Amino acid sequence: MLAACDETFLLLPQLAGMQVECMEVREGRVVIEASTPERAPVPCPGCRTPSERVHSRYGRRLADAPCAGRGVVIELSVRRLFCDNGDCPRVTFAEQIEGLTFRYGRRTPGLQRLIAALGVVIAARAVARLALLLGIVISRMTVLRLVMALPDPAWATPRVLGIDEFATRKARRYGTILVDCETHQPLDLLPDRDADSVAT
């Protein structure tokens with residue numbers, strides 16, 4: 001077992017506070033086996049009451065950002081805990097580790113941010129191909145979902161507004177794009193090319 005102060009955590013800060021049992025290369029990927037500490041209290045997501053009474057443990061398999069050109073997989077053992085607040089509708093809940101897990105997630109937040117940033121810069125199909133070279137298996141549709149989930153960038157009312165139309169289906173369906181002509185930042189996409197939509 002690797003101690004919490006081990007130099008491993010300089011390269012993998014997302015595992016800080018975890019108990020790392022094993023780290024090895026399997027089939028060209030770095031596989032890290034880790035678990036959450038037994039006695040750390042976790043607040044219930046429903047009522048925020050801290051609990052450390054363990055119901056059971058289960059395994060999660062998380063893809064992480066590549067390291068030294070190899071894909072990284074974290075095999076993490078997490079706890080399911082009882083909520084001791086009798087007024088809370090939750091009887092048990094699974095712990096989430098900040099910066100490492102989220103509900104139903106199969107990738108770490110760091111890898112999600114990396115893929116979304118690549119998806120903004122280059123096409124989704126190109127990201128999926130590039131990801132394979134880095135040891136990450138992801139589909140172009142997943143890349144598109146991550147990009148679409150990003151919050152829209154903040155913008156001020158432009159001084160010079162550019163308006164142009166584009167076809168989503170030639171000769172049948174058109175949309176309108178609004179652009180700040182000074183910063184060249186796209187501001188909005190309208191679902192049609194009607195004058196009323198633009199005026200609004």
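## Close-up views of a predicted model

**View 1. Let's start with Q112, a residue of helix α2, which spans residues 109-121.** The model shown in these views is predicted. Is Q112 buried or exposed? Its relative accessible area is 18%, and because buried means under 20%, Q112 counts as buried. Look next at the side chain of Q112, which makes a polar contact of 3.0 Å with the side chain of R107. Setting aside residues up to four places away in sequence, Q112 touches F102 and L146 as well as R107.

**View 2. Here we visit the largest nonpolar core, a group of 14 residues.** Which of these residues touch the most other members? They are L15, M18, I32, I74, L76, I97 and L100. Two or more residues come from each of the strands β2 (29-35) and β6 (70-82). The top contributor is β6, with four residues.

**View 3. Now we zoom in on I32 and its contacts.** Not counting neighbours within four places in sequence, I32 is in contact with L12, L15, V20, C22 and M23. The list for I32 also includes V72, V73, I74 and E75.

**View 4. A second core, separate from the largest one, has 10 residues.** Among them you can find A124, I136, I138 and V143.

**View 5. Finally, meet two arginines that lie over rings.** R53 is placed over the face of F82, 4.3 Å from the ring centre. In the other case, the charged end of R193 sits over the ring of Y174, at 3.8 Å from its centre. How many aromatic pairs does the structure hold? The number is zero.

Terms used
Residues numbered from 1 in each chain as written. Predicted model: local features only at pLDDT ≥ 70, side-chain atom pairs only at ≥ 80, totals over all residues. Heavy atoms only, no water. Buried < 20%, exposed > 50% of the residue type's maximum accessible area, 1.4 Å probe, protein only. Polar contact = N/O pair within 3.5 Å; in protein donor to acceptor, adjacent residues only side chain to side chain. Contact = heavy atoms within 4.5 Å. Core = buried A, V, L, I, M, F, W, Y, C linked by side-chain atoms within 4.5 Å. Phe/Tyr/Trp six-rings, centres within 6.5 Å; stacked < 30°, edge-to-face > 60°. Lys NZ or Arg CZ within 6 Å of the ring centre and 35° of its normal.
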